[in-house]
Each structure stands twice: as C-alpha cells, then as structure tokens.
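Open your viewer and get ready to select a few pieces one at a time. At each stop, pick the residues named and take a moment to look around.

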Amino acid sequence: MFFGFSNAQFTHVRDLLRALIFPSETQVDALLDLPESIQPKSSEYNIPKEPEIIIETTLESVTLRKPSISISLTLGASKPSSLFALLIGIDEYKHDALNNLNASVADAKAVKAFLETSLGVPASQIQTLYNTEATRDAIIDNIRAFQKNPSIKNGDPILIFYSGHGGTGNAPIDWEAGGPEIQILLSHDTLCEDKGREICGVPDRTMGALLDQLSNEKGNNITVIFDCCHSGSLTRGERSRLVRGVNLAINIPSDLDKDIWGGTRGTVIEPKFLKSGLSSHVLLAACGAQETAKENLSGTGGVFTTALLDTLVSVGVEKLTYTDLIQRLPSLVEQTPQCEGHNQNRILFDSKVRSQHRRLYVLREIKGEYVMKAGAAHGITKGATFDVYKDRNCMTTDAPLVSLTVLDSPDPFTTVLSGSKVNIGKQAVALQTGAGVEEDLIIHIAMDPKLESVFRALAEEIKESNAIQRQIRAVDEIGKAHLDIALEDGKIIFNILNPLVTDYGLKRMPYQLNPTVNEVRRVLRAAAHYYWHLHRTGKDNILQEKVKVEFTRLSEDFQNNDGSLGPVRMPQGPNLIQEGVIDIVVKKGDMYGIKIINTSGRSLYPSVFYFDNSNLSITSYFQPPTSKGRVDPPLPPHESLAIGYGAGGAPPFKYFIPKGQEIDVGFIKVFLSSRKVDLSTVPQLSPFDNNGRGSDSVKGRPAGLWSTILITIVQRRRITPVNLDEGARLMGQ
C-alpha cells in the first residue's frame, strides 16, 4: 500500500499522481487502463473549484465580490498617507535668454491638490518650489532633505515632480554621457552668475546621484515625473503650443557637483533621462527624446500633466502599475509619454508588484482573423489561452466576450488567436489565462514514500484551477527533467541538472526545505517561471551575429583633466567573456559592467537579466522604457549601450558566493528585439528567501527580429589552476 490507496502499488510517477488527483478507485482504474497514446498529460488535470471571494479595497471602502453577490462596507477615516512629495513649477526665469512659461506652476499646484484630496497626503508632507523659490541650490537641498527626514521611513513613497524648461548642454569630456550632450533641468536662476561661475541648472548626472543616494537611505519606492523636454528650442510649437525646452550654449565644468556624484563610493552616475536601467526610482516623462513637451492651447496646464491627472482621477491609483498608467493615457499630439525603470511593474506609489501572470495585450480583428499585438518575443507559445474583454475596465465587471487559443507558432511580435467568432469592436484586450506546453516545468522525483509531501504538492498544482500558471510535469527519466527533487536527512533538496551549471561543480541548490506541501509548491511555481525564461530563445541568428557583448571589471580611480581624482567608474582590463563564459574570482568590492555593441543598421531594444541557479531568482540588469506609442530605442544603429557605468544608468554588478559554497554559477541573458517588448514580468525574487542576488504566419503581418544571448558566469571563492592560467593569458593580450 502506498499513500493509503488500497490494492495499489505504484512504480511510475504519472500513475501515482493520477491516484492523488482522482482518489476514487474507479477513476484510477479507468485512467490506468487507457492506452498511453491517448492518456491525458498531467497539465490537463484541472479540477474546477468554487469561485473565490474577491476583496477589493479603496481608501474608503471594502467590497467582497462573488457571482451575483456584492457587499460594500464603509470604513472609518483612513490613516494619513505616508507619501512625501517635492513639487517644482517654474514659469518665470531670471535670465532673459530663457522664455517664460504659462502653466508650469499651475501643473505643480494641480498635482498638490490631487495628492491632498485624492490620496489624503497631509500638506506638511508636501514641499513646493514655485518660480523664484526654485533655484538650483533649493532644488538640490530639498531632494537631499528627504534623506535626513526622520519622518520618512524606509520604503515610504516619495514623489518628485518637475514642470518647467528642460534643456541640453555639451557634455564634459570626463562625464561618460554616452554622447556629446547631457540633459538639464533648468532652475529659475539658470545662466545667471554666482561667485564668478555660470549657474548650469541641475544636470542629469547630478540628479541621478541624488536619487541614488536617496534610494540608498529611504528605499527605492521613488516616483519621478518630468513635464519638460529633453531637448528643444525657444520657439513655440504647432498651433502656438508653448514648448518646454531649450538648447543651452554653455560649457558644463567637469567638476560640477563633484561633491554629490563623486563624494561616496558606489554612487550611480545616472544617464540621460530616457536611458533606462534605473533601479533607484521609476520615471514618468512627458515625451520621447526627440519630441517636445507642450502646454495646452489655453495655457492652463501642461498637456502631459493634465492627461496624467485626468487618468489618475478617473481610474484611481490603488490597482494601477506605472506601465498601466502610461498605457491608459490618451494619445497626445506629437508627444509620447515614457515610463522607465526596473520597477515599472509596481503598483503606483507602492513597492508592491502585481502578479507576474496578469498579462494584457491589444487584440484586433484583421481580415477575419484575431491578431494579438504580442508574439514569441513576449513569451507567447502554441497552446496558450486568452480571455477577450472589450477593454481593460470590463475585466472586473463583465464576463469575457470569448475565449481564444493559440493554435500555431506565433510570429516574433504578433499572434493569431483561434476560437468562436464574436464582434470585438475596433480593438479589445486579451488576458492570458493558460500557458502553452512549451512552458511546462519538467521535474524528476524519486519514487520514495518519504516524499509524500512533494507528490501531494505536485498534485495540488496540477489540480489548481488557476490555469495561467505554467504546468508542472513529472517524469521517470531524469535526463528529460529540468530539476531533480530528492530527500536527504529528512529535508527536501533540489538537484541542478543543467550541464552548463553542473560541469563547473554546482550540482545542488544550497537550500533545504521542510517536507511540507506549501513550501514545495512555492518553489515549484518559481522554478517553472525561472526555467521557461532561461530556456526560451529567438530564431534570428542575425542579431547574435551583429551584437557584441563585453563584460569588464570597473575601476573607480580615474584622473580628471584638472589633475584631481574622482571615483568615476571606467572599464579596466579585457573583455572577460571567453567563448560565452565569464570566469571570475569573487572579491569584496569588485564591480563589473556590461557594454552591448550594435554593429547592425537596425535600432535595437535590449533587456538584460541575471539568472541565479542557486536560488531561482531573476534580477533585472536593464529594461527599455515603456510607452503607449513609440519608445526611444536604447541601442541605435552602430552605437553601444553601457550598463553599470557611464551612460547606462544601472548600478555596477557585484557578486558574492553563498556561505558554504566554493563556487556559484549564474547566467546573464540578453534579450534582443527590433521592437520594444515589455519583459517587466520576467524578474522574480527567490522562493527560498527575499534576497534575490545580482545578481505558420499570416500574410501581411509585420516582420521583425528577436533573439537571445546567454552568457555563463562562473564565480569562484578562490583561484584555481585553470583560473590562474586563464588570467595570465588575458593579461598577456
């Protein structure tokens, strides 16, 4: 007898799982008698359950919702918001060379009213700088004041809003700006003289360092909103819309704000505002790098700020992510708002991340076929299922119009869905409800009665009605599996099977679990997500051939032109990638950076992640901005993108080896595409703890390219003979 099933002995995992899923003997016998060729696979065993009670909360009420049941409870006065804000609006500029604006102060005041009335933020937590108050020193001092404010706890939301002129200036030669220009927020006193020096506003490098320092002190729940241009002119735009941007013919001193960006070790040198890779904050910007931010025709507000506030008031902030907000904004004339940063999938003004599996895509009917605006590059696979809704708002109130399935392999950026024909209107939205077979996690489990909890956990996952989760299949042949689960000294252990990892000596995850169903289920779900994104690849080798990746150690000892020393990060030594492998000895304080070089004639959108084989975490190294429309490509033709130093905008990469290990092996994976692809659902924390480590086509469908590059990074505690020989060889090059 095995697991309490009478007259049943099991030698195959699939038979045991059937018994656990369908416990009646009749069902078990019927299943066991089926020919193997027509036996249903484990992912088809989904037992429906009662609809869950869904609890929806706002600042003033709680709603419990089931089919045909809705109960609303009015709450007492809610506690004051923990959000702190700095609001800057500048219409009046002191220097005659800068045109005045009409509605920047009105924008800042409108944001203040929204915070107080809609979000309940006390006036004492909102600092404003209007016109003459918004000097360069005042802007910097007020951002720094957040760091020292004892009322702001780590993780409290912080908002920095700027409305006024943005500009560009010549980049100092030592600033590693990624190009000839830098971007500047123009303070009220920009271009005026102070102590014999021209006031230069607040350059992007200074702003980036301030935000990084603030993040280190108070957490990275920081939102930055800029209603200004990144470049522009002093002329009015089409139809007399006032443009918020100027080109500055000034030379920025190379030591400007060195006390801010060069004062402490580890400070991030921030990129231009629309370069991505930001981990300290999320940025919402009024327009793309080649566009202009404008005021409305009546001169009562900025086009972007007005649209932003209208959307927030009508939809609310409780469930919106930053990406959702950008997608919900109305289309603006010649102006495409952008969202960027590692945490753009968080709830607005919150550090919580919405479910990874809640993925919505635009759907249109084209020549009688349902064509979804997402494809293989987004992770869509054959067999995936989707519910279709009229629009985003209908998802919480209406039943789906139709359920559709992917019957053929998707194109890179579009997918044809099949199913019953209904009128979906001009366009609809598709919510993924089921994963394709390719996404299944395949595991091997020894037939050990002591592993009862593992089998029961797997059975529960198979029965789970939440079909959007990737399915998990157990096999008897270990060679077919992604992961092996075993028992050792009464604890669950996880054996790694990937030869790209085990060949270097890492064969087991350094974690043990108690043999409980809930703990095992958590790891199984994380493993399914991890191995799917690790293994999926694009078919366009042309991108791999045209893109070169360099991984180098960084140095902070840099000699400036004036002879002074400043901790500016620069690559040091050769490219450490040799035949797709990086082999390093981990030392405390060592920092590394990546450069992606595009030798093709196409603009590319790279996303870079670190896959940790020891704990199943996925860390974002770089992600492009998000926008409802066009997104500025981070990697233009024949240019490069530095990540971790210079103009790349991400912190440098640091590595450590877990206690008790002599070696660790991870993967750096670069996703490349010729169009913007939102991969913000890829990163995940480790299921073992909360410390993720850094570390057939339809005619007429648009073509596109996408591919991936996988780099193994071997991290050793000490030098080995092979490691030493390789180091000597590289030094001799």
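Select helix 4, residues 136–148, in this predicted model. Helix 4 lies across strand 4, strand 5 and strand 6. Compare its direction with that of strand 4: helix 4 runs at about 175° to strand 4.

**The sheet under the helix**

Now show the sheet that these strands belong to. Seven strands form this open sheet, and their order is 5-4-6-12-14-15-35. The pairing in the sheet is mixed. Which strands stand at the edges? They are strand 5 (126–130) and strand 35 (626–627). Each has a single partner strand, so one side of each is left without a neighbour in the sheet.

For a look at one pair inside the sheet, select strand 6 (residues 158–163) and strand 12 (residues 222–227). Six bridges link strand 6 and strand 12, and the sense is parallel. To find one place where the strands face each other, pick Ile158, which stands opposite Ile222 in strand 12.

While you follow a strand, here is a pattern to keep in mind. In a regular strand the side chains alternate between the two faces of the sheet.

**Helix 4 and its neighbour**

Keep helix 4 on screen and add helix 5, residues 204–218. Two packed helices are described by the angle between their axes and the distance between the axes. For helix 4 and helix 5, the angle is about 15° and the axes are 8 Å apart. Angles under 35 degrees count as roughly parallel, which makes helix 4 roughly parallel to helix 5. The crossing of helix 4 and helix 5 is left-handed.

Which residues make the contact? Show the side chains of these two groups:

- From helix 4: Ile140, Ile143, Arg144, Phe146 and Gln147.
- From helix 5: Thr206, Met207, Leu210, Gln213, Leu214, Glu217 and Lys218.

Try colouring these contact residues by class: you should find six nonpolar, three polar and three charged.

**Helix 3**

Next, select helix 3, residues 104–118. Helix 3 lies across strand 4 (84–89), strand 5, strand 6 and strand 12. Its direction is at about 160° to strand 4.

Within helix 3, show Lys112 and Glu116. These residues form a salt bridge, and their closest N and O atoms are 2.7 Å apart. How far along the helix are Glu116 and Lys112 from each other? Because they are four residues apart in helix 3, about one helical turn separates them. The structure holds six salt bridges.

Now add helix 7, residues 303–315. The axes of helix 3 and helix 7 come within 10 Å and cross at roughly 10°. These two helices are therefore roughly parallel to each other. Asp107, Ala110, Val111 and Phe114 in helix 3 meet Thr305, Leu309, Leu312 and Val313 in helix 7. The residues of this contact comprise six nonpolar, one polar and one charged.

**A hairpin**

Move on to strand 16 (residues 360–366) and strand 17 (residues 369–372), which run antiparallel and are joined by four bridges. Together, strand 16 and strand 17 form a hairpin with two residues between them. Click on Lys367 in the turn: this residue has a positive phi of about 50°. Beside the turn, Ile366 has Glu369 in strand 17 as its bridge partner.

Strand 17 is also joined to strand 20 (residues 415–418), by three bridges and running antiparallel. Here you can pick out Val371, whose bridge partner in strand 20 is Val416.

**Another sheet**

For the last stop, show an open sheet of four strands in the order 29-26-32-36, with antiparallel pairing. Its edge strands are strand 29 (570–572) and strand 36 (640–643), each of which pairs on one side only. From one strand to the next, the twist averages 40°. Strand 32 (residues 592–598) pairs with strand 36 over four bridges, and Ile597 has Ser640 in strand 36 as its bridge partner.

Notes:
Residues are numbered from 1 along each chain as its sequence is written. This is a predicted model: local features need pLDDT of at least 70, side-chain atom pairs count only at pLDDT 80 or more; totals for chains, interfaces and linings use all residues. Side-chain values use heavy atoms; hydrogens and water are left out. Axes are lines fitted to C-alpha atoms, for helices over the stretch in contact, and angles run from 0 to 180 degrees between N-to-C directions. Angles under 35 degrees count as roughly parallel, over 145 as roughly antiparallel, 65 to 115 as roughly perpendicular and the rest as oblique. A crossing is left-handed if the near helix is turned anticlockwise from the far one by less than a right angle, and right-handed if clockwise. Contact means heavy atoms within 4.5 Å. Ala, Val, Leu, Ile, Met, Phe, Trp, Tyr, Cys and Pro count as nonpolar, Asp, Glu, Lys and Arg as charged, and the others, Gly among them, as polar. Two strands pair if DSSP finds at least two bridges between them. A salt bridge is a side-chain nitrogen of Lys or Arg within 4 Å of a carboxyl oxygen of Asp or Glu.
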